[in-house]
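Me: I am new to this structure. Please take one part of the surface and walk me through it closely.

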Amino acid sequence: MNDIILRTEHLTKHFGALMAVQDVSLTLKKNLAHAIIGPNGAGKTTLLNLLSGELYPDQGTIRYKDQEITKLSPDQISRLGIGRSYQKTNIISSFTCFENCRLAAQSRLITFMDFFRPVKRLKALSQHAEKALELVNLSHQAATVAQTMSYGEQRQLELAMILATEPELLLLDEPLAGMGSQESGQIIELLQTLAKKHTLILVEHDMDAVFSIAQQLTVMVNGEILETGNVEQIRHSTAVQEAYLGHYEPQPHH
Amino acid sequence: MVIINRKSFFFSIIFLLLILFPWIIEDSFYLEQLTRILILGIFAMSLDFLVGYTGIVSLGHAAFYGVGAYTLAYSFQSTDATNFWYALPLSLTASALIATIIGWLSIRTSGIYLLMITLAFGQMFYFFYLESSYFNGSDGIFLLNKPEILFGSYNLFDLENEVNLYFFVLGWFIIVFLLLKTILKTPFGQVIQGICVNESRVRALGYPTPRYKLISFVIAGTLAGLAGFLEATHTGFVTPSYSHWHQSGILLVILMLGGVRTLYGPVLGAATIVLLEDLLPEITDHWKLLLGILIILIVLFLPNGTTDLFSRILFRGPIQKANKDHE
C-alpha cells in the first residue's frame with residue numbers, strides 16, 4: 001500500500017448547476033506519470049484546483065500519503081511537497097528569473113521569516129535557484145526580468161520555480177501550451193526525466209507529448225472519469241474512442 | 001555598477017547636507033520646515049512599505065499616526081514631564097497592537113473593499129478622539145514639554161532645543177530608512193514583494209501569505225505610530241485631525257507625487273508638499289486650487305513622481321531602467 005501517493009474518493013465540485021467535477025475517485029502510484037485528458041470543460045483544471053487547495057470540494061476526500069489534505073490551504077499543501085503549475089502563466093513578473101527561483105527555494109527554509117539577514121547571504125538558496133534554472137535550460141536568462149521574456153520561456157521559468165521547491169508530486173496544467181516546437185521538445189525531455197523520480201499529474205492537450213511522458217491515463221468527460229488505464233488500454237478503449245476521440249479531434253499540435 | 005555607485009555617492013552627499021544643515025542655514029524657520037519634512041517622510045516611507053512593496057493600499061494609515069501621538073499625550077496625563085524611555089515604547093506598542101487588530105480584519109479583503117474598511121477604521125479613531133472628553137475632544141491636547149531623554153536623572157539630550165530636536169528626528173529618519181531597506185533585502189522582504197505582484201503564486205509556493213501581509217501591516221503601522229509620536233513631540237499639540245482621513249489621503253498623494261516603491265520617492269513627495277504649501281499661499285489666496293493643478297500636472301507628466309525628474313536630471317534616465325541595464 002505504501003506506493004500509493006495520492007488517493008481521491010468521490011470528489012465532487014459544482015459551480016451552481018454545473019457539475020465541474022463529479023464523483024472522481026483516483027489512485028495514484030508513486031513515481032508514475034499520470035495524464036488527465038479530456039475535451040475542454042471536462043473539469044481537468046477544476047480537479048487540479050481541488051488537489052492543490054485552490055478550491056475545496058463539495059463532497060469527497062483527498063489523501064496524500066497518510067494524511068487527509070481535503071481542507072488544507074494552498075500554502076500548506078505546497079509545503080507537504082505538492083507543486084503546482086498553472087494553465088495561465090503564473091510567475092512574479094517584475095522579478096528576474098533568478099529571483100523567482102530563489103523565492104521558490106526560500107519557501108523550503110525553516111527560518112524563512114528572517115528580518116535582518118540579507119537573502120543574498122543564504123548561499124544554499126542561490127545554488128538551488130541556479131540548479132532549477134539549469135534544469136529547464138534558462139541559466140543564460142538568470143538576470144532577465146521575467147516579464148520581458150517570451151511566453152515559452154515564462155512557462156519554463158514557472159516549471160523551474162516548482163522544481164526549486166523540490167516537490168514529490170507535481171501538478172502540471174498544460175505545461176506545453178504556447179511553446180515553440182524546440183522548447184516543447186526540451187520540456188518533454190525534462191518531464192520524462194522528472195517522471196523517474198517524481199509523481200506527475202499532467203493535464204495536456206498535446207497527445208504525442210502525453211503518450212511519450214505518461215504511463216497511466218485518465219479520460220475525463222463532463223466532470224466524470226470515463227476510463228483509467230495504461231496507454232495501450234486507453235488507445236484501444238472503444239468507450240474513449242466513441243465519447244472522446246470519436247467526435248472530438250485531438251488538437252493539432254504546432 | 002557605475003550608476004549604482006553614483007547613486008550611493010549622491011545619497012551620502014544628501015545625508016551630509018542634512019547633518020550640516022543647522023550650520024549651513026541658521027534660520028530656525030527652515031530648520032522647522034525640514035524637521036516637518038523628515039517626520040512626514042517617515043510617515044510616507046511607512047505607507048510606501050505597505051502600498052508600494054506589499055500591495056496593500058490603505059486609506060486609514062493616519063489611524064496609527066494618531067495612536068502614536070495620543071499615546072504620547074496620554075503618558076503626559078498625570079505629570080507635566082514624561083520619560084522618553086517609557087513614552088516611546090508605549091507609543092510603539094500601542095500602534096503595533098492597533099495595527100495588528102485593524103490589519104487582521106482588513107487584509108482578508110482587497111481592492112476597493114480594502115480601501116473602504118481601512119477608511120472606516122481610520123475615521124472610527126478620528127471620531128473617537130473627537131467625541132472623547134478624556135482626550136479633550138476637538139480642542140486637542142497641548143503638550144507643555146517635550147519628552148525627556150533621561151540618563152539617571154540627567155537629561156541626556158534636551159529636545160526643547162530645536163537643533164537637538166532636528167537631530168533627534170533626523171536620527172529616527174535614518175534608522176527607519178535603513179531598517180526598511182534592510183527588511184526589503186531579507187527573505188521576508190522578498191516574499192512581500194512577491195505578494196505585491198502575484199499573491200496567489202507566492203501562496204502556491206508554500207508561503208502563508210495572510211501572515212506575511214499582516215506582519216507587513218504591523219511594521220508599517222508601528223512606524224506610522226513613530227511618526228505620530230515625533231510630530232506630537234515636534235508641534236507639542238495633538239488633535240483629532242492626526243487621524244482624519246484627509247491625513248491618509250494627503251499621504252497617498254505624497255506617494256504618487258514622489259513615486260511609490262522607492263522609499264526615498266515619498267520623502268521627496270513630502271518635501272514637495274511641504275514646500276508648495278509654504279510657497280503657494282504667498283502667490284494667491286486660492287493656493288489650494290494651484291496645488292491641485294500642480295499635482296495633476298506632475299501625475300500626468302511624471303508617472304513615477306518627482307523621483308523621475310530627480311533621476312532624469314542626475315542620472316540622465318529613470319533609475320530603475322539604469323539598474324536593469326547593469327544587471
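Reply: What follows looks at a nonpolar surface patch on chain B, then at two backbone details elsewhere. Keep in mind that this is a predicted model.

Start with the members. The patch is made by F9(B), I13(B), L16(B), L17(B), I19(B), L20(B), W23(B), I24(B), I25(B), F29(B) and Y30(B). Together they make a nonpolar surface of about 1100 Å².

Now place them on the chain. Two helices of chain B, α1 (2-24) and α2 (28-51), each supply at least two residues of the patch. The largest share comes from α1(B), with eight residues.

Pick one member and look closer. W23(B) sits in helix α1 of chain B. Is W23(B) buried or exposed? Its relative accessibility is 57%, so W23(B) counts as exposed, because the cut-off for exposed is over 50%.

Next, leave the patch for the backbone. L263(B) is not a glycine, yet its phi is positive, about 70°. Find L263(B) in the loop between α10 (245-258) and α11 (264-283) of chain B. Its relative accessibility is 0%, so L263(B) counts as buried. The cut-off for buried is under 20%.

Chain A offers another case. D23(A) also has a positive phi, near 50°, in a residue other than glycine. D23(A) lies in strand β2 (residues 18-29) of chain A. With a relative accessible area of 44%, D23(A) is partly exposed, because that value falls between the cut-offs for buried and exposed.

Methods:
Residues are numbered from 1 along each chain as its sequence is written. Chains are lettered from A and ligands numbered from 1 in the order in which they are written. This is a predicted model: local features need pLDDT of at least 70, side-chain atom pairs count only at pLDDT 80 or more; totals for chains, interfaces and linings use all residues. Side-chain values use heavy atoms; hydrogens and water are left out. Helices (H or I, at least four residues) and strands (E, at least two) are DSSP runs, numbered from the N terminus. Buried means under 20% relative accessible area, exposed over 50%, partly exposed in between (1.4 Å probe, protein chains only). Patches are made of residues with over 30% relative accessible area and no salt bridge: like charges are joined within 9 Å, nonpolar side chains (Val, Leu, Ile, Met, Phe, Trp, Tyr) within 5 Å. Accessible areas come from the Shrake-Rupley method with a 1.4 Å probe; for residues, only the protein chains shown count as cover. A salt bridge is a side-chain nitrogen of Lys or Arg within 4 Å of a carboxyl oxygen of Asp or Glu.
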